[in-house]
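Me: I am new to this structure and would like a close look at a single part, the sheet, together with whatever packs around it. Could you take me through it slowly and in connected sentences?

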Amino acid sequence: MPPNFEQSNASGAVEATAETATLPVQLDINGSRQTLRIDPRTSLLDALREHLHLTGTKKGCDHGQCGACTVMINGRRINSCLTLAVMHEDDTIVTIEGLGSPGALHPMQAAFVERDGLQCGYCTPGQICSAVGMLAEVRAGWPSHVTADVASQRIALTDAEIRERMSGNICRCAAYPNILAAIRDASGGTQG
């Protein structure tokens, strides 16, 4: 029997007959080309944390419901727990570690520090990556569920607009007012 196939035993239970094969994958992460040999079922989140030791991206729910694992792929925000690493060989991936450095914070990171947009800090990397992606969506004119004029290319960045667009990122400490203020500061308070 070929490797990676399953067979039923006498009781009808399915059991693996061989170890899962690994595949080579090259990922462009934070401007650096990384080569890994991983199980093709490895999520991007697990590749980042377990294989590359980029632990800024957090594993919260592992079901795409909390946003703690948000990273940027080709400039768009994505839940890294919901995508496979092997799907992103030709993509540009930016994690919280790639947005800025301690001596040169990204404007969104600086705004979170200035506005105390964190408490325990667990969700903060995902919140920041999501906010950066969200502002890019606003600049591109992408409407949200609460956008008043969906035909307009210029979206008013109201508090309701920010809340709706950030609703996929949960903060269990409830630092939402400070997160909102940080995003507003980082956006320059400007409209789309």
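**The sheet and its surroundings**

Reply: A good place to begin is a single pair of strands: S3 and S4 pair in the antiparallel sense, and 7 bridges join them. Within this pairing, aspartate 28 has arginine 33 of S4 as its bridge partner. The model you are looking at is predicted, and the values that follow are computed from it.

Widening the view, S3 and S4 belong to an open sheet of 5 strands, whose order is S4-S3-S7-S5-S6 and whose pairing is mixed. In general, the strands of a sheet pair through backbone hydrogen bonds, and they do so either parallel or antiparallel. At the edges of this sheet lie S4 and strand S6 (76-79), each of which pairs on one side only. From one strand to the next, the twist averages 40 degrees. The sheet also has a helix against it, since H4 packs on it and touches S5 and S6, with a direction that makes about 40 degrees with that of S5.

A further helix that meets these strands is H1, which spans residues 44-51 and has Leu44, Leu45, Ala47 and Leu48 as its buried residues. These buried residues pack against strand S3 (23-29), strand S4 (32-38), strand S5 (70-73) and strand S7 (92-94). An α-helix has 3.6 residues a turn, so residues three or four places apart point the same way. Just after H1 comes histidine 53, which has a positive phi, near 60 degrees.

To place the sheet in the whole chain, it helps to know that the chain has 6 helices and 7 strands, which run from the N terminus as β-β-β-β-α-β-β-β-α-α-α-α-α. The largest nonpolar core of the chain has 24 residues, and those with the most contacts inside it are Met108, Phe112, Met134, Ile162 and Ile183. Helix H2 (96-99), helix H3 (107-114), helix H4 (124-139) and helix H6 (176-186) each supply at least two residues of this core, and H4, the helix that packs on the sheet, gives the largest share, 7 residues. Apart from this core lies another, of 14 residues, among them Leu36, Leu54, Val71 and Ile93.

Returning to the larger of these cores, methionine 108, leaving aside its neighbours within four places in sequence, is in contact with Ile128, Ala131, Val132, Leu135, Ala182, Ile183 and Ala186. Over the chain as a whole, buried residues make up 39% of the 192 residues.

Conventions. Residues numbered from 1 in each chain as written. Predicted model: local features only at pLDDT ≥ 70, side-chain atom pairs only at ≥ 80, totals over all residues. Heavy atoms only, no water. Helix = DSSP H or I, 4+ residues; strand = E, 2+ residues; numbered from the N terminus. Buried < 20%, exposed > 50% of the residue type's maximum accessible area, 1.4 Å probe, protein only. Contact = heavy atoms within 4.5 Å. Core = buried A, V, L, I, M, F, W, Y, C linked by side-chain atoms within 4.5 Å. Pairing = 2+ DSSP bridges. Axes fitted to C-alpha atoms, helices over the stretch in contact; angles between N-to-C directions.
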